[in-house]
Every structure is written in structure tokens, then in C-alpha cells.
Amino acid sequence: MDRELIVDVAGVSRWFGDVQALTNLTIEVPKGSITVLLGPNGAGKTTAIRMITGALAPDEGTARVFGLDPATADGEDVRRRCGVVSAKPSLYDRLSGWDNLRYAAELYGLGRRDAANDRIREAAQVFGIDAALDHQVGGYSTGMKTRLALARSILHDPELLLLDEPTSGLDPESAVAVLELIRDMTGDGRTVLMCTHLLLEAEGLADEVVVMQHGTSLLSGQPGELSKRYWPTPVVHISATNGADLDLLGQEAGVEALERANDSARLEVDTLDRVPELLASLTNRGVRVTSVVPFNPTLEDLYFAVRREQGSSGDEIPPPGGSTGRPSRELTTSGAPGRN
Amino acid sequence: MAKTRTPKARHAHDSGRKRDARETAPMNWGRTLTVARTDLKQLIQAKDFWVPMTLLGSFFFVIIPAILLFTITKIGDVEVVARVSETLEVLPESAQSQLRGESPEGQTGYALAVFLFAPVAVIVPLTISTAVGAATIVGERERGTGEFLAHSPAGAREIYMGKLIASLIPGYVTTAVGFGLYSIIVNVTVGPEVGGWFFPTAQWWIMILWVLPPFLAICLSLVLRLSARVKSTAAAQQASGLVSLPLIMIAYSQATGVLFGAGWVPLVLGGVAWMIAIFSLSRGVRSVTRSRLLGVASGI
């Protein structure tokens, strides 16, 4: 299937001194999608964004954005069409919110006319920061700064938004609001590339994910398709008062795999339609079933499955099987040095 | 994750770094002025910076000259005037021939105003502009705002020139205002002793308009280079102090030479300084790269 790619990073490597921050990195961002770069701190996510805007040039490989090479003279054109929110808001604390937005408006070519002022007010309203525009940014809360940085990023109506951990430092309510706004922004055809190490944040937002570690992409694609790759058959968790009774399921038709631990069993079945039959069979044999939970793999499950497959070391990797209800984890394994 | 680079990779890295530094798009002066204007706006907000700098300018341009010239011309302390008059004998003949006034007070006041306070016009702007320039690029990096500039369409040359203008203006404006106040003080205190208002003299105009700007530009081109390369504002200020001090001394001696010398001397001195300034600025442009704004360039 031919997809129009806004970002096409192919085989990019980048060194800082003798430290390799990116290794043969490949990222494809389709037009109009939200693509999430997922990885622990130090995975190279921030460096990848810097390559995309041409703020840094790759040592090896190519980066094409809107079909242009941002590391060449085309970089100015690329940067004008991108809106960036970096991990730290990158705001001028001594200036007012208005002056920060005006600075961006002028640098991005909106000029100093009334139209630019209208656009500044409009962008500030979108993120609910318009009432504080006259105040010095140094007095803003973290949430207000993030909102102002987001408003600044859309001032010039960019085609591509690059968001580096946009909810970093926000309280849960603000984070949810910001994620909703990000979702809204793709409604009018914008493309979003977002970095995060918060799996919960990416869940439900990502049209595409790129799992990164040690400066390279381990896996990329649509979450649903990737889940199918790792869990090709449906999985169900069944618990009973006497776990040993669940071993009977191994003999039932349609059960492709059974793993039992204590009072519960993890079943791989040919189709979820098979589950009522299995439960009826157990009931007929006098087994008291206490819970039946179909496994819907989350990004977290997917992420750790990928990590496990890669034989990652570092922090403890949860066991397979997708225990539903497990709180989303913050990815903490560090690869290359630096913030990323 | 540390890996040893292959020769191929090392070569690629080096060429990548060069690509970071090379931007061939034509200068957009609108963006340059935007960078300068925003920097100046921040400076105006920083009372902790401009209050001491205003005091510095007032001290050298107003307070010291006013006290000294008033003491010599109005109080007429004979001993003081006699001692200062003795020092006039060490002035070159060309300078002595320019002295105006019949009385010792008048001649002494004239010599102080025209010749001996000349270095003030050099020290103040260089000090102020150096202080501003030292923090300008490394400050962006320290505050994290370098990331915003690095991702913006602004070219590295536009950012450099914007920073240069923003560093130059505070020093030069302080000098212009101080020069105006100094002129009034000199004319009010010494003027009546030498037959009327006489200041600024032609040499002072040449020094302020022709000789001082290139020295400021040379100093700032060096300071901005340092600011782009060092790790912190404190390091930038220390290093720029070391760079600007000899430059201030050179400028001091050149300023004195301008005022003492023949008519063509200041023009030639200024011309040479302009050539050095243009060369130094054109080299200095290369010091601002996006990787330096981000703080990831090697050596930072």
C-alpha cells in the first residue's frame, strides 16, 4: 500500500564524539497520522527530532521531510513547515507570553501586522492561555508554559508537529487535556510525531508507533497490526477455584496453547467464539470458574514483548501475557547518554 | 551506549559537523532584527543588568568629569590646578598647540576634557557590550531556548548578526547618551574659561563615529565566538574579560592617538580597525551553529 510519507528517515546514524546516539535509525511518518516514538530515556528520540528539523545533520543515512533534505539549504523551508515543542518548553522567562508568541510569529514569517496578532490570540485561545499572555513567562506554572509552547508551535499553521514529551511535568488533568488537543490537531490534516516514554500516554493516541532503544528502531507500524504479529491468536485468561481443573482445557478443540500458573490459566484459542464452549465444558465437569478475561494487548504489552524479544537488559521486564489492569509503566531503561 | 567509530563514520561525522555550520541561504534582515529586538527587550527587563551598567556610564561620563572639571574651573584650587598643569607638559606638541584658554584653569580644563578623558569613551561601551555579548549565545543554551532557535527557520548567520546588534546597541547607546551629557558638562564648566562652547571637537566626532564602532565590532566578534563555544555564562564572562582587556588597552591607546595625532591619523586608524572588524566578523559568523545552540557540538 502506497502511503504519502511526510517524514522518511532511512538508516540514519549520528555520533556525538565517540558516543553513537543514533544507529541506522529508520522512521516513516505517514501524512495525517499521529506517530509515537516510544522508548526509554536515552533511546535517541530527541536526537531523531533534531535530525528531522535539520537542527542536526546525520553522519550517515538520509532524512527526508516533505521530500526535502533538512540538513541542506532546504532546511529553512522544512523548519518553516514544522512546529516543534521540545521537552523543556524553551520559552523566554523574562518576556511576556505575548512577546514569546510574537517572537515566534516574526521568525516564522507572520510579520508584525494585525493578522499576526489575530493569529497569536487564536493560538493562545486554543490552549487556554490567552488570559495570561500579558504576564511574564517566568511566573507561569509548568502547565501554562507547556500550553504556551504548544500555542507557539501551531502559530504558523505547520503541516508537521514534532512534540517531544509534551506532557512532561504536567498534572494528570492537564496532560489529558493536552493529549486531547493533540488529537484534535490531526483532525484538519496535520501530521504529528510525538516522543514519549509514557506508555499510557501513547495508548489510544498513536496511529503508528516506532519502538526505539539505543538509538535504533526496534519495531514500527500500526499498534493493531503489531499486536497481531506478537499475538496472532486470541488469548484468554481463565481462573478457577481449583487451578488444576483448568488443565482439562488442554484437551479441548480450538485450544492452541495452555499455560497454567496457580489458579489461573492463559489460553491461546483459534477464535474468541470458542470461549463459551470452553466455559460450558468446564461447568459440565463441575469446575467453578471465577473469572474469564480476554487479553487485549496494550502498547505496554507490545513494548515489553519487543524488549523481551530483543533480549534487553536493564530494569525488570514484566512477564508475557498482558495482565489486564496493570498500571502503565514509565520506561526507565537508559541507553545512550543524554536526555532523549 | 559508547561505540568506537570507524574511520568512515569519523569522516562522516566531521562532514556532518561542517554541514551544520554551512548555511547558504541569503540573509533575512527582518529575522536578524527580530532576534536583536527580542534580545534587547529581555535586556530591558533585566534591571539587575542595566542598573549597574547605567551607573558605570554615569560614573565615567558624568560624575568624575563633573567633579574634576568643576573643581578646576570653579573652585580654582591653585595647588590642584598647578599640579594638573604640570602634567600638561607631557602632552605632545601637537596637542599642546591645540590648547585653548588664557588662564591655567581654562587650559587645564580644556586638556582634561579633550585629551585625558578620551579613553572613557572606549572603556564604557566595550565593557557594557562585552557583558551583554558574553551571555548571549551560551545563555540561550543554558535557558534551553537555543532549542527553539535551532528548530526555527532563522539562519545561523541571522542569529549571529542579531546577537551582535543586540550586544552592540547597549554599549553604543550608553556611549552616545553619555557623550551628550559629557559634552554639556564640558561646555558648561570649561566653556566660559576658553571663550565659549567648544565640545565636541572634530577629533572626538571622528573617534565616536569612525574609530569606536570597529573596535566594538572586533571585541564583540571575539566575545560572541567565545559565547558560542563555552559551557556556561560564567565561563563566557571570564574568558571574554581576558579577551576584551587587551582590546580595551589597544583601543585606549588608539583613542589617545586619535586625539593627539594629526588630522589623517584617526582616519587611517579607523580604516584599519574597520578592515580588521569586517574580517573578524566574517570569521565569527561561523561560530554560531545549530549544534552549538543545542549544546551538543563537540567541545561544549
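**Reading helix packing, burial and backbone geometry**

Author: The crossing between α8(A) and α10(A) is a left-handed one, and it is well to say at the outset that the model in which it is found is a predicted one.

Reader: How should such a pair be described, and at roughly how many degrees do the axes of helix α8 and helix α10 of chain A cross?

Author: In general, two packed helices are described by the angle between their axes together with the distance between those axes. Here, helix α8 (residues 223–230) of chain A and helix α10 (residues 299–309) of chain A have axes that come within 10 Å and cross at roughly 50 degrees, and α8(A) and α10(A) are therefore oblique to each other. On the side of α8(A), the contact is made by P223(A), L226(A), S227(A) and Y230(A), while α10(A) contributes L299(A), L302(A) and A305(A). Sorted by class, this contact of α8(A) with α10(A) has 6 nonpolar residues, 1 polar residue and no charged residues.

Reader: Which residues of α9(B) and α11(B) meet, and is the crossing of that pair left-handed or right-handed?

Author: One general point helps when the residue numbers are read: an α-helix has 3.6 residues a turn, so residues three or four places apart point the same way. In α9(B), the residues Y160(B), K163(B), L164(B), S167(B), L168(B), G171(B), Y172(B), T175(B) and F179(B) meet I208(B), L212(B), L216(B), L220(B) and L224(B) of α11(B). By class, the contact of α9(B) with α11(B) has 10 nonpolar, 3 polar and 1 charged residues. The crossing of α9(B) and α11(B) is right-handed. The axes of α9(B) and α11(B) come within 10 Å and cross at roughly 140 degrees, which makes α9(B) oblique to α11(B), since only angles over 145 degrees count as roughly antiparallel.

Reader: How many helices and strands does chain B have, and what percentage of its residues count as buried?

Author: Chain B has 14 helices and 0 strands, and of its 300 residues 45% count as buried. Among the contacts in chain B with a separation of 6 or more, 83% are between residues 24 or more positions apart.

Reader: Which residues are buried in α2(B), and what covers them?

Author: The span can be taken first: helix α2 (residues 29–45) of chain B has 17 residues and reaches 24 Å from its first C-alpha to its last, close to the 24 Å expected at 1.5 Å a residue. Its buried residues are R31(B), T32(B), T34(B), V35(B), A36(B), T38(B), D39(B) and Q42(B), and their cover includes α3 (97–107) of chain A as well as α7 (120–143) and α9 (156–189) of chain B. The two chains also meet at a wider level, in that 35 residues of chain B are in contact with 35 residues of chain A. On the side of chain B that touches chain A, at least two residues are supplied by each of α1 (7–21), α2, α8 (145–151) and α14 (290–294) of chain B, and by class this side has 12 nonpolar, 15 polar and 8 charged residues.

Reader: How many residues of helix α1 of chain A are buried, and what does phi do just after α1(A)?

Author: Helix α1 (residues 45–53) of chain A is mostly covered, with 9 of its 9 residues buried, and among them are K45(A), R50(A) and M51(A). Just after α1(A), G54(A) takes a positive phi of about 85 degrees.

Reader: Where are D157(A) and E165(A) found, and is each of them buried or exposed?

Author: D157(A) sits in the loop between α5 (142–154) and β6 (160–164) of chain A, and its phi is near 55 degrees, a positive value in a residue other than glycine. With 13 other C-beta atoms within 10 Å, D157(A) is partly exposed. E165(A) lies in the loop between β6 and α6 (172–185) of chain A, and its phi, near 50 degrees, is likewise positive in a residue other than glycine. E165(A) counts as buried, because it has 24 C-beta neighbours inside 10 Å and 20 or more are required.

Reader: Is the peptide bond from F199(B) to P200(B) cis or trans?

Author: That bond, from F199(B) to P200(B), is cis, with omega near 5 degrees, and P200(B) lies in the loop between α10 (191–194) and α11 (202–229) of chain B.

Definitions and conventions: Residues numbered from 1 in each chain as written. Chains lettered and ligands numbered in written order. Predicted model: local features only at pLDDT ≥ 70, side-chain atom pairs only at ≥ 80, totals over all residues. Axes fitted to C-alpha atoms, helices over the stretch in contact; angles between N-to-C directions. Helix = DSSP H or I, 4+ residues; strand = E, 2+ residues; numbered from the N terminus. Parallel < 35°, antiparallel > 145°, perpendicular 65-115°, else oblique. Left-handed = near helix turned anticlockwise from the far one by under 90°. Contact = placed C-beta atoms within 7 Å. Nonpolar A, V, L, I, M, F, W, Y, C, P; charged D, E, K, R; others polar. Buried ≥ 20, exposed ≤ 12 C-beta atoms within 10 Å, placed from the backbone. Expected span 1.5 Å × (residues − 1).
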